[in-house]
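Biologist: Before we discuss this entry, may I ask that each descriptive term be justified by its value and its cut-off?

Modeller: Certainly; let us look at the structure together.

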Amino acid sequence: MMVPDVRWTMGLSLLVLLGVIGSSSGVTIMSIDFGSEWIKVAVVAPGVPMEIVLNKESKRKTPGALSFRNGERTFGEDALTTGIRFPANNYFYLLDLLGKKIDNPIVELYKKRFPFYNIEADPERGTVVFRHNDDTVYTVEELIAQMLAYAKDMAMAHTEQRIKDCVITVPPFFNQVERRAMLTAAELAGLKVLSLMSTNAAVALNYGMFRRKEINATAHNILFYDMGASSTIATIVSYQTVKTKDRGYTETNPQVTVLGLGYDRTLGGLEMQMRLRDHLAKKFNEIKKTPNNVLESPRALAKLMKEAGRLKKVLSANSDHLSQIEGLLDEEDFRLHVSREEFEGLCTELFERVQAPIDAALISAAMDISAIDQFIIVGGATRIPKIQSILQGVWGRELGKNINADEAAAMGAVYRAADLGQGFKVKKFHVKEAVVFPIEVDFERQVENDDGSTSTKVVKRSLFAFGNNYPQKKVMTFNKHNADFSFYVNYGDLSHLSKEELKNANAENISHVLVSGVTSAFQKHQQEGSEPKGIKAHFNMDDSGVLALSMMEAVFEKSVLVEEDKPKEEESTLSKLGSTISKLFAGTEQEREGGEKEEGEDAEGKENKTEDNTEKEQDSDNQAKKENKEDKKDDQKTDKKEKEEEDKKSGTDKKKEGEKELKPKQITVKEELNMTITHLDVPEMTEEQVAASKKKLEDINAAERARHEREAARNNLESYILDAQDKLYQDDYEQASTDEQRAAIREMCSTLDEWIYDEGADVEASVYKERLKELSKLFEPIKQRVFEHLNRPEAVQALTDMMNKSSEFVQRARDAPPEQQFFTDVEIDTMDKLIVDTQKWLEDKEEQQQAQASSDEPKLKLSDIGEKLGALDREIKYLVNKAKITKAKKDKEAAEAKAKAEKEAKETGKKKNNTDNSKSSKNKSGGETKPDTEQKDTNEKIVTEEEPKVQENEDSPYIFEEESEENNSEEDRRKEDIDVENEEDDDKKSGHVEL
């Protein structure tokens with residue numbers, strides 16, 4: 001038998017170890033495509049590619065529904081099932097209510113669609129609150145937080161790893177308050193949001209990340225048309241490669257930029273489903289099967305809603321279908337034949353709005369439809385044939401369907417998550433989203449009139465215009481304020497939105513900012529002789545599209561005296577000329593600094609600066625101009641350094657040692673100011689409200705965990721009772737127990753069975769566990785005896801076989817030839833004695849076991865047999881290991897002897913050859929000399945004759961052919977062999993060994 005290669009075994013173990021370490025310490029990141037109707041979750045983990053998470057029904061998307069019933073919380077399909085019977089307990093389509101006040105038209109539409117909800121206004125924030133019962137209310141953020149937590153649990157169950165970091169998709173038309181509300185919900189769910197990502201940008205990223213090779217410097221424009229459950233979005237994006245600098249290196253990577261956007265936040269599959277629901281309800285009322293109105297029954301409306309959704313999907317593939325609902329109202333069934341033409345007639349008004357988002361996107365991008373290279377449809381509602389027909393007419397060519405309409409956003413978002421998160425390195429793919437709601441800053445300024453009086457003037461400055469790309473930073477400078485002041489952050493020009501959308505978006509003032517500490521800062525620095533240079537406000541629109549005011553600071557310049565070396569009184573003409581030329585090309589240091597202050601920074605950390613006394617808006621996206629300026633600066637710095645080195649070498653700027661003079665120098669001083677931000681659109685949740693919501697959700701989670709634990713404990717007890725009652729009638733269990741034991745167990749099982757459905761119907765999990773413990777004390781001993789009786793013959797046979805093989809091993813070791821005598825007499829005798837003792841022990845135990853009844857405690861136990869097997873196994877492994885080590889040592893000595901013989905043979909051949917050559921050269925009498933070729937052959941022959949012949953024999957007749965195992969037994973009697981093993985430790989690692 002061949003012994004395994006030690007190096008191969010160690011390498012395999014190392015790979016396994018590294019795999020375990022990598023999987024245990026790896027970071028798992030997920031994305032959540034949180035739609036109005038469906039939730040899709042994608043994950044990326046070490047060893048797991050980007051993939052969609054399957055829910056417990058093994059489906060790739062989960063309904064965004066949550067229900068409460070009798071203290072039990074359910075999600076997804078289970079929640080929808082509960083919602084059929086108890087509609088008011090099921091909450092869905094919540095995304096449309098996020099960040100909305102109670103008087104928003106979207107909230108009014110929600111009430112109209114689902115009249116069975118009890119919706120109230122939050123007394124402090126004015127937002128939507130669901131009244132669940134007399135004691136419990138839920139905010140929209142709390143309900144969405146529970147769904148996000150459920151999505152996290154699905155991802156953790158899928159990857160079997162802890163997850164916290166995520167990217168969440170939101171509609172691109174979400175304004176500031178809606179985005180902040182989603183971040184609040186994620187905080188309540190215990191998630192760390194790396195970024196919010198617009199669904200259209202996620203779809204565009206998913207499309208581009210698998211087509212990197214097709215993207216080049218030439219812009220490629222694509223229009224994505226996404227019609228989902230609640231809204232429709234048309235997005236024009238451009239793909240092209242861009243050059244970026246990262247850590248001093250210039251890289252070329254693809255970038256997708258949103259150029260234009262158009263949307264309709266109420267046009268989608270849900271509105272079509274609602275019209276179909278109302279149509280079915282109208283037809284049922286016309287039949288007059290019952291005097292009650294079906295529209296007044298919440299349960300009947302829920303059934304009609306479910307059937308309308310099914311019917312809408314079927315009519316997308318079939319021209320007609322029979323709709324039927326059992327027990328719709330008052331136990332009356334309903335059947336109706338519906339055709340696709342009827343369905344399209346119900347939605348005629350909706351189909352007329354399909355083209356509007358496309359037109360809006362083209363206008364915002366300042367493009368014509370002819371400039372679009374591809375038209376790709378996304379979203380479940382685009383499967384409706386009439387929708388595709390309308391889009392086909394607008395596009396005039398074949399529509400693009402080469403993208404997964406359901407999963408594109410989730411997959412694009414998880415790629416973004418892997419890029420933003422830690423632990424993964426992905427190929428860069430830049431994403432530039434567009435501002436939908438422009439933002440401006442409004443502030444008051446005192447102006448002097450012609451008559452000498454002063455008045456207050458409201459000044460508006462654009463901060464982020466419509467269509468500006470983000471993430472981006474900007475700095476605004478207030479030059480005319482020298483005391484505490486305030487300003488407003490508002491939405492800018494919204495003329496591109498319809499009147500209806502203005503009401504739905506609720507585009508009010510965003511926030512009010514009070515800046516304090518200005519007066520004291522000016523007084524402090526003016527006393528020091530500083531000159532004010534304005535107050536700077538640092539704004540940042542991050543990857544999530546959320547605007548933040550990061551800092552307010554006052555900037556001053558003052559002159560200070562600095563010691564410098566005094567120049568020579570007489571300066572040479574050449575030095576003056578060099579200094580003039582240097583200043584001409586490089587400029588002064590202050591001029592260069594001034595030029596840099598006017599530079600804008602991009603999304604990578606650079607800032608765009610806007611001043612309130614300037615009407616001109618700087619273009620922060622002019623990349624080419626920025627690179628040219630950076631190149632000029634680099635050239636100026638290089639020229640200056642070269643000039644300084646030349647001046648030092650020529651000695652034109654030598655100064656007299658020890659002579660100093662004081663020179664004035666302008667320095668910039670910045671002082672951070674205090675600011676108080678008050679949100680005017682929808683107040684954010686206070687710390688107390690957030691803490692209260694977290695406690696509420698934690699109480700729900702704790703109650704759910706307790707319920708699951710109680711159900712599991714009860715199920716375990718019920719299963720144990722049924723198992724015990726069944727097995728007590730089996731022959732094996734009757735033989736292993738007495739009549740009294742079986743009677744006691746049957747009595748306890750009967751008592752517990754009645755108790756579970758009576759007093760123990762709703763007790764704590766600990767009570768069920770205690771009852772199970774009492775029953776197991778009686779039944780487990782019988783169960784263990786049966787197990788012993790059934791498995792004892794196999795275990796005894798295994799021990800017998802082990803003793804037989806061990807005896808054969810000992811005999812072969814005694815009869816081995818001298819060159820294969822690897823063991824001492826003590827070791828052989830010890831092994832032989834262990835075999836004899838084990839044989840005697842087994843015979844005694846078998847005799848004792850046969851002498852007692854099957855219901856008694858076994859004398860020959862499986863655990864004892866296992867110990868005897870382990871002892872024999874350890875001894876055999878020790879001897880085999882020692883044989884391997886000794887064999888390796890002998891092989892090494894033989895190899896060294898062979899190498900030594902070869903070396904001596906070569907040296908002998910060389911000496912003989914040198915002697916023959918010397919004799920030939922001394923022969924000057926003209927005697928015959930062998931040709932060179934003959935001499936060479938002779939030399940080779942000599943070497944060949946001296947070289948010993950060694951033939952490797954793979955089938956060496958060694959008697960020990962056990963597999964290589966680690967030595968686990970080194971007893972005191974073998975201490976004299978430890979030194980030998982340590983000396984040969986390197987040989988064990990050297991490679992392939994045969995025994």
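Modeller: Tyrosine 263 is a suitable place to begin: its relative accessible area is 16%, and as buried means under 20%, tyrosine 263 is buried. Please keep in mind that this is a predicted model.

Biologist: What makes the pair of phenylalanine 173 and tyrosine 263 stacked?

Modeller: The ring centres are 4.9 Å apart, and rings pair if their centres lie within 6.5 Å. The planes stand at 25°, and planes under 30 degrees apart count as stacked; the pair is therefore stacked.

Biologist: Which parts of the chain does this pair link?

Modeller: Phenylalanine 173 lies in the loop between β11 (163–170) and α5 (176–188), while tyrosine 263 belongs to strand β15 (residues 249–264). The two are 90 residues apart, and the pair links distant parts of the chain.

Biologist: How many aromatic pairs does a search of the whole structure find?

Modeller: The search finds 33 aromatic pairs. The rings of phenylalanine 173 and phenylalanine 174 also pair, with centres 6.3 Å apart and planes at 65°. Because an angle over 60 degrees counts as edge-to-face, that pair is edge-to-face.

Biologist: Are phenylalanine 173 and phenylalanine 174 buried or exposed?

Modeller: Phenylalanine 173 has a relative accessible area of 4% and phenylalanine 174 one of 5%. Against the limit of under 20%, phenylalanine 173 is buried, and so is phenylalanine 174.

Biologist: Which residues do ring pairs link into a cluster?

Modeller: The cluster joins Phe68, Tyr91, Phe92, Tyr93, Tyr110, Phe114, Phe116, Tyr117, Phe130 and Tyr138.

Biologist: How do you know that lysine 61 lies over the face of tryptophan 38?

Modeller: The distance to the ring centre is 4.4 Å, against a cut-off of within 6 Å that is combined with an angular limit of within 35 degrees of the ring normal. Lysine 61 is accordingly listed over the face of tryptophan 38. Arginine 714 likewise lies over the face of tyrosine 757, at 5.5 Å from the ring centre.

Biologist: Why are α4 and α5 called oblique to each other?

Modeller: The axes of helix α4 (residues 140–159) and α5 cross at roughly 55° and come within 8 Å. Angles under 35 degrees count as roughly parallel, and 65 to 115 as roughly perpendicular. The crossing angle fits neither class, and α4 and α5 are therefore oblique. In addition, α4 passes α5 in a right-handed crossing.

Biologist: Which residues of α4 and α5 meet?

Modeller: Glu141, Glu142, Ile144, Ala145 and Leu148 in α4 meet Ala181, Met182, Ala185, Ala186 and Leu188 in α5.

Biologist: Why is serine 511 called buried?

Modeller: Serine 511, in strand β25 (residues 511–516), has a relative accessible area of 6%. That value is under 20%, so serine 511 is buried. Leaving aside residues up to four places away in sequence, serine 511 touches Phe487, Tyr488, Val489, Ile677, Thr678, His679 and Leu680. The C-alpha atoms of serine 511 and isoleucine 677 are separated by 6.6 Å, although the two residues are 166 residues apart along the chain.

Biologist: What makes arginine 113 buried?

Modeller: Arginine 113, in helix α3 (residues 105–113), has a relative accessible area of 10%. This is under 20%, and arginine 113 is therefore buried. Beyond residues up to four places away in sequence, arginine 113 touches Thr266, Leu270, Glu271, Met274 and Arg277.

Biologist: Are serine 58 and asparagine 70 buried or exposed?

Modeller: The relative accessible area of serine 58 is 54% and that of asparagine 70 is 69%. Exposed means over 50%, so serine 58 is exposed, as is asparagine 70. Serine 58 sits in the loop between β3 (48–52) and β4 (62–63), and asparagine 70 in the loop between β5 (65–69) and β6 (72–75).

Biologist: What is phi of serine 58, and what is phi of asparagine 70?

Modeller: Phi is near 60° for serine 58 and near 55° for asparagine 70. Most residues other than glycine have a negative phi.

Biologist: Which residues does a cis peptide bond join?

Modeller: The cis bond joins tyrosine 470 and proline 471, with omega about 15°.

Methods:
Residues numbered from 1 in each chain as written. Predicted model: local features only at pLDDT ≥ 70, side-chain atom pairs only at ≥ 80, totals over all residues. Heavy atoms only, no water. Phe/Tyr/Trp six-rings, centres within 6.5 Å; stacked < 30°, edge-to-face > 60°. Buried < 20%, exposed > 50% of the residue type's maximum accessible area, 1.4 Å probe, protein only. Helix = DSSP H or I, 4+ residues; strand = E, 2+ residues; numbered from the N terminus. Contact = heavy atoms within 4.5 Å. Axes fitted to C-alpha atoms, helices over the stretch in contact; angles between N-to-C directions. Parallel < 35°, antiparallel > 145°, perpendicular 65-115°, else oblique. Left-handed = near helix turned anticlockwise from the far one by under 90°.
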